[in-house]
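Got the viewer open? Let's take a short walk through this one, a stop at a time.

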Amino acid sequence: MPLVLALEQAYTEAKADTAFQAELGGYLATYVGRPSPLYFASRLSKRHGARIWLKREELNHTGSHKINNCMGQILLARRMGKTRIIAETGAGQHGVAAATACTLFGLACVVYMGAVDIERQAPNVQRMRLLGAEVRPVESGSATLKDAMNEALRDWVANVSDTYYLIGSAAGPHPYPMMVRDFQTVIGREARVQILEAEGRLPDALVACVGGGSNAIGLFHPFLADETVRLYGVEASGEGMESGRHAAALNGGRPGVLHGAHSYLLQDLDGQVLEAHSISAGLDYPGIGPEHAFLRDAGRARYLTATDEEAVDAFALCTRLEGILPALESAHALAKLDEVAAETGRDGVIVLGLSGRGDKDLTAIAPRLEGR
Amino acid sequence: MGVSRIEARFADLERKDLAAFVPYVVAGDPDPETSWRILEALPGAGADLIELGLPFSDPMADGPSVQHGAARALAAGADTAGVLALARRFRDVDAATPIILMGYYNPVLSFGLDAFAGAAAAAGIDGLIMVDVPPEEADPLADALETHNLALIRLATPTTDEARMAIVARRVRGFVYFVSVTGVTGSKEADADAIAAQVRRVREVSRLPVAVGFGVRTSERAAEVARIADATVVGSALVDEISTALALNRDPAAKVLDRAAAMAQAVHSARARG
């Protein structure tokens, strides 16, 4: 607890410090490449029957929205005088972003990654190692994201004085879900300005994939007070909800506590945490950020599900129609465009969070795309 | 009995000027029957209180030893009902040795806080350590335990500063558990002088007995701790005996009990020699 209390205090001070915000804004503009474009996807629009705009987070440096949060937290870590950074990663997008941010400031970086994920996300493992990060395989439990997080927490409590734990999702103990959300709201703040400029009005719907939920909360948050804007999160239903092999904490879980957060959780009747399953390593987490649980229970956001197969289909469709390779994570959001468009209608304006690029997923989906 | 069984045991030991030897084993490790044979024989091996681990799928405060123990127990079918039944069976043959259940919040939350406290009390469990419930979030749990007269036992660590020590001690009953290392269970041992200084800090805010654990692996260290604190907790070293015995195809119960007896001996003779 003293660790997270100190972190909360340091973050509160940094948040109010205009110099900190200016420094972060500078790096986001010149290093990350923000603002990211809001692109009108005309062929997807025609296909799904709505006006579809893609918020292009995949164009950020390192290829996903993860760098937004890493830049914020790395500046905070420096402010706190920490010299060693640890992180967990599932798909490797956060690991790459963390390793990149560490390189930028010459900080030592250790990334915990499930052994199963190391296998299916080989290109990102190579990238992290090239960047000078040490990638530590985690063999315990299901050897995926939640186990990487367990191991990172164990490292942190043993190395409190010099180590900063850079969590990549809107999960974990307070203040992480709040802080990660704050650093990711740049997505929604930009999108709000961009869509008002492009369409002259607010969108009818926002769509984003949710694992821990950082890109979705970042997109949603600046629109929460706009009651006409419908919010759709898309969870990974893996091999199908009825198969039990999925990662849909909101649709298939119940309230519980994991990694210091009280939220929805995939668990058995005895409260043991279940393994999540998804073709997308970045959605493979049995919990979900607590703010999404709140938005769902309050009826403010709806959470749909997309299967592995639907995500692969959407990946192929977006690639062929728009020339954009989406990350498999983002493909879950793309997979629900028919459903969302049916609710908004042909003139409906939809903003979809394209959270990352799909180059890293080619090996994982190649066998599934053969013969199409 | 609950809190009063813990108090009675510490009062008895204080009269004899003895530190308590507190072994930790994971309930159901490596299988229900072997786990029962270990538990049943621990008082005879010198256990004054027993810490019983409630296995959890994600034991993030534990090192590899206890992680393996929990995984073995779960693989062998351990569940909350089974752990409670194990405690009940023990209570039928031993009315005096307190049992402290140690684990993580989610299985307890899933059971229902009041239902769990009631079932634990009925099974003869006396106190609960919930590793991942900070004092700020503990009131509902503390209320449920209080209703059933069970002790809430909290962990203090080397990073717990003066202001926080008082918060940690609030609503705690039975004893305060001081974690002697900055890290997870089974870490390398801390320096005895440092532990002594830390235990003094705990005593400034609480009149309860102080137990020291995490990183007590050898008889020598167990004896040193017995001269400083009111209780010595030994966990990973015992759980490791199960791993070793399984690898060598020996009886895990015999190995655990031998090791426990040696550590108990060291703890109980520490003050006379010291």
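Start with chain A and look at its contacts (heavy atoms within 4.5 Å): among those with a separation of 6 or more, 72% join residues 24 or more positions apart.

A quick word before moving on: this is a predicted model, where local features need pLDDT of at least 70, side-chain atom pairs count only at pLDDT 80 or more, and totals for chains, interfaces and linings use all residues. Residues are numbered from 1 along each chain as written, chains are lettered from A and ligands numbered from 1 in written order, and side-chain values use heavy atoms, without hydrogens or water.

Now switch chain A to cartoon: you'll find 16 helices and 12 strands. These are DSSP runs, H or I of at least four residues for helices and E of at least two for strands, numbered from the N terminus.

Next, show just the C-alpha trace of chain A, which spans about 55 × 45 × 40 Å along its principal axes. Then colour by burial: 62% of the 372 residues of chain A count as buried (under 20% relative accessible area; exposed is over 50%, partly exposed in between, with a 1.4 Å probe and protein chains only).

Last stop, chain B. Select residues 113-122, helix H6, and pick out Gly118(B) within that helix. Is Gly118(B) buried or partly exposed? Gly118(B) counts as partly exposed because its relative accessible area is 21%. Finally, add Leu150(B): 32 residues separate Leu150(B) from Gly118(B) in sequence, and their C-alpha atoms are 9.2 Å apart.
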